[in-house]
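Reader: Hi! Could you take me on a close look at one part of this model, and then show me how the rest is arranged around it?

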Amino acid sequence: MFQKATKAQTFLRMALMGPPGSGKTYSSLCIAEGLGKKIALIDTERGSASKYAELVDFDVMELAEYHPKKYIEAMYAAHEGEYDVLIIDSLSHAWAGKGGVLEIVDRAKGKGGNQFNAWAEPSKLQQELVDTILRIPMHVIVTMRSKMAYVVEENERGKSVPRKVGMAPVQRDGVEYEFDVVGEMSDATLHITKSRLDFLQGEVIEGPGTQLGQSIFNFLRN
């Protein structure tokens, strides 16, 4: 049976991509502050998020192994803990980290499996991970590392200087299209590259923070 579509039960799915040091973790925490009072963070970056503990109030679970099932278990733990917002920092390790999808594939190949068979089970795990992110009833922000590149730009004094920029995220090709809002981080500036929230289309936001989270929350609820 069809029913009237509303935003009343809509939760955000947001992805922040960028090279190391671009501001993904802190920005995700600040945005989360505007989305809800109770914030959980899955940390795969060896405790790096906890450096912001005096600036943002959140609970953390550190993962030492990055098998997709570990992420899924942590997500359900956040749901059972009745958190408003879940940050996954970062989703890249589920793909290219210890115990991640690529390592599972390599192990299968090492046992004599062919290319097709080696990918069969890891692909199911990857899809289960993405499906869990999409359906769990809370706001979810994920960070993804992107491969680094440098562009040469002219600064205010007319001198050519290199600037670090991100490229494709370290994750399965096309995973970013699953999210409502996708942005690239560079020098603590967020460039929105995709948004199902029309007021964010093409926006460039310096120092994205609590106000952005509040704006998204209000959009989803009104």
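Author: Let's start with strand 1 (13-18), which is covered on both faces: R13, A15 and M17 are buried on one side, and M14, L16 and G18 are buried on the other. Buried here means under 20% relative accessible area, exposed means over 50%, and partly exposed is in between, using a 1.4 Å probe and protein chains only. Since 6 of the 6 residues of strand 1 are buried, the strand is largely enclosed by the rest of the structure. Strands, at least two residues of type E, and helices, at least four residues of type H or I, are DSSP runs numbered from the N terminus.

A word on what you are looking at: this is a predicted model, in which local features need pLDDT of at least 70 and side-chain atom pairs count only at pLDDT 80 or more, while totals for chains, interfaces and linings use all residues. Residues are numbered from 1 along each chain as its sequence is written, and side-chain values use heavy atoms, with hydrogens and water left out.

Now for the neighbours of strand 1. Strand 7 (residues 181-186) runs parallel to strand 1 and is joined to it by 4 bridges; two strands count as paired if DSSP finds at least two bridges between them. Within strand 7, E184 is the bridge partner of M17. M17 is also one of the contacts of P169, which, leaving aside neighbours within four places in sequence, is in contact with M144, R145, S146 and E176 as well. Contact means heavy atoms within 4.5 Å. P169 belongs to strand 6 (residues 160-169) and is buried, at a relative accessible area of 11%. Between P169 and M144 there are 5.9 Å from C-alpha to C-alpha, although they are 25 residues apart in sequence.

If you follow the chain out of strand 7, you come to the loop that leads to strand 8 (189-195), where D187 is found. D187 has a phi near 50°, a positive value in a residue other than glycine, and is exposed, with a relative accessible area of 54%. A188 is placed in the loop between strand 7 and strand 8 too; its phi is near 60°, again positive in a residue other than glycine. A188 is partly exposed, at 36% relative accessible area.

Strand 1 also takes part in the nonpolar interior. A nonpolar core is a set of buried Ala, Val, Leu, Ile, Met, Phe, Trp, Tyr and Cys residues joined through side-chain atoms within 4.5 Å. The largest one has 27 residues, and Y71, M75, I88, L91 and I133 touch the most other members. Two or more residues each come from strand 1, strand 2 (39-43), helix 2 (68-80), strand 4 (85-89), helix 5 (115-135) and strand 5. The biggest share, 5 residues, is from helix 2. M75 shows how these pieces meet: not counting residues up to four places away in sequence, M75 touches I42, L86, I88, L129, T132, I133, I136 and M138. Apart from this core lies another, of 25 residues, including A49, F58, L190 and L200.

One backbone detail is worth a look as well. D89 and S90 are joined by a cis peptide bond, with omega about 10°. S90 sits in the loop between strand 4 and helix 3 (92-96).

For a contrast with the enclosed strand, try strand 5 (residues 139-154), where K147 lies. K147 is exposed, with a relative accessible area of 51%.

Helix 6 (residues 210-221) offers another pattern: its buried residues are L212, G213, I216 and L220. Down the axis of helix 6, these fall within an arc of 100°, so they line one face of the helix; the arc is that of the directions from the helix axis to the C-beta atoms.

Stepping back, the secondary structure of the chain comes to 6 helices and 9 strands. The radius of gyration, taken over C-alpha atoms, is 18 Å, close to the 17 Å that the globule rule (2.2 Å times the number of residues to the power 0.38) gives for 222 residues, so the chain is as compact as a globular protein of that length. Of the 222 residues, 47% are buried. Among contacts between residues at least 6 apart in sequence, 60% join residues at least 24 apart.
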